[in-house]
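Trainee: I am new to this structure and would like a close look at its paired strands and at the charged side chains in and around them. Please take your time and go through them in a connected way.

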Amino acid sequence: SSNSGASWSLVKDDYNAGDNNGATDMAKNSSGSLFILFNQDVWKSEDKGISWTKMNDDYNGAEGQNGFVLGIDSNNNLFIIEGDQDVWKSTDFGASFTKVSTDFNGGNGNIFGLAIDSSNNIYVVDSQADVWKSADSGASWSLVKDDYNGAVGNHASDMAIDSLNNLFILDEQDVWKSNDLGAIWTKVNDDFNGAGDSNNGLVVYIDGNNYIYVVDGNQEVYMSIDNGGSFTKA
């Protein structure tokens, strides 16, 4: 989409050429290259998704865990957090990965969103609604918020950050925001797609204008131009 999600064109049919169907997460680096994480594979496109190359077909070797989230910092380092909460890092565009942390959240459960701020601090939200931060490229982690939504539930779907370092968590049909790097969270929207639409949000993305986009379970795209306060169908 080149018009804020209003219309879409297919740029690639079957990006991995029949190598199973699916994609776990997607990210873009500073030069515009796209990366797809699919279980233990990492794919890369340098032409806006038209052609794809498998950079790595087993990023963690014989460990067997599938990746859950993918993120890229401003130095073009790739980060993957997998099902046992190990953190892996690549400095060569996904060709090789090194484990930088083991079970970083101490058995607190899977990760459902990752965002990286302008200083390359990494933030994640886990299955216990806890928000964690790493200031050293994933090597060590600190808990910045225990239960960001005050026991509303443990249903985080995705996480994003805007150019002002405001963090956002998509939680089913709710949108939460933190303007202090994760310490305090406020619900800015409790039903982004409105009454009568029960589809939960799946992914959240923020563009260069700090417009927020949410794609829900019905493959509908919603856009907010007021920091998540209101959404309209794109």
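Mentor: What follows goes from strand pairing to salt bridges, and then to two unusual backbone angles.

This is a predicted model, in which local features need pLDDT of at least 70 and side-chain atom pairs count only at pLDDT 80 or more, while totals for chains, interfaces and linings use all residues. Residues are numbered from 1 along each chain as its sequence is written, and side-chain values use heavy atoms, with hydrogens and water left out.

Let us begin with an open sheet, in which four strands lie in the order 1-2-3-4 with antiparallel pairing; strands here are DSSP runs of E with at least two residues, numbered from the N terminus, and two of them pair if DSSP finds at least two bridges between them. At the edges are strand 1 (25–28) and strand 4 (53–56), each of which pairs on one side only. From one strand to the next the twist averages 30°, where axes are lines fitted to C-alpha atoms and angles run from 0 to 180 degrees between N-to-C directions. Within this sheet, strand 2 (residues 34–38) and strand 3 (residues 41–45) run antiparallel and are joined by five bridges, and Phe35 has Lys44 in strand 3 as its bridge partner.

Lys44 also leads us to the charged side chains, since Lys44 and Glu46 meet in a salt bridge at 2.8 Å, N to O; the term asks for a side-chain nitrogen of Lys or Arg within 4 Å of a carboxyl oxygen of Asp or Glu. The two partners differ in their surroundings: Lys44 is buried, with a relative accessible area of 11%, whereas Glu46 is exposed at 63% (buried means under 20%, exposed over 50% and partly exposed in between, with a 1.4 Å probe and protein chains only). By the salt-bridge rule the count comes to seven, and among the residues involved, Asp19, Asp41 and Lys54 are linked in a network.

Lys99, in strand 8 (residues 98–101), takes part in two such contacts that link distant parts of the chain. With Glu63 the salt bridge is 2.8 Å, N to O, and this partner, 36 residues apart from Lys99, sits in the loop between strand 4 and strand 5 (67–72). With Asp86 it is 3.1 Å, N to O, and Asp86, 13 residues apart from Lys99, belongs to the loop between strand 6 (78–82) and strand 7 (87–90). Lys99 counts as partly exposed because its relative accessibility is 29%, and Glu63, at 36%, is partly exposed as well, but Asp86 is buried at 3%.

Further along, strand 10 (residues 122–126) and strand 11 (residues 131–134) run antiparallel, joined by four bridges, with Lys133 as the bridge partner of Tyr123. These two strands form a hairpin with four residues between them. In the turn, Ala129 has a positive phi of about 60°, and this residue is buried at 1% relative accessibility. On to strand 12 (residues 142–145), which strand 11 meets in an antiparallel arrangement through three bridges; here Val131 has Lys145 as its bridge partner.

Glu172 likewise has a positive phi, about 55°, although it is not a glycine. Glu172 lies in the loop between strand 14 (167–171) and strand 15 (174–178) and, with a relative accessibility of 31%, counts as partly exposed.
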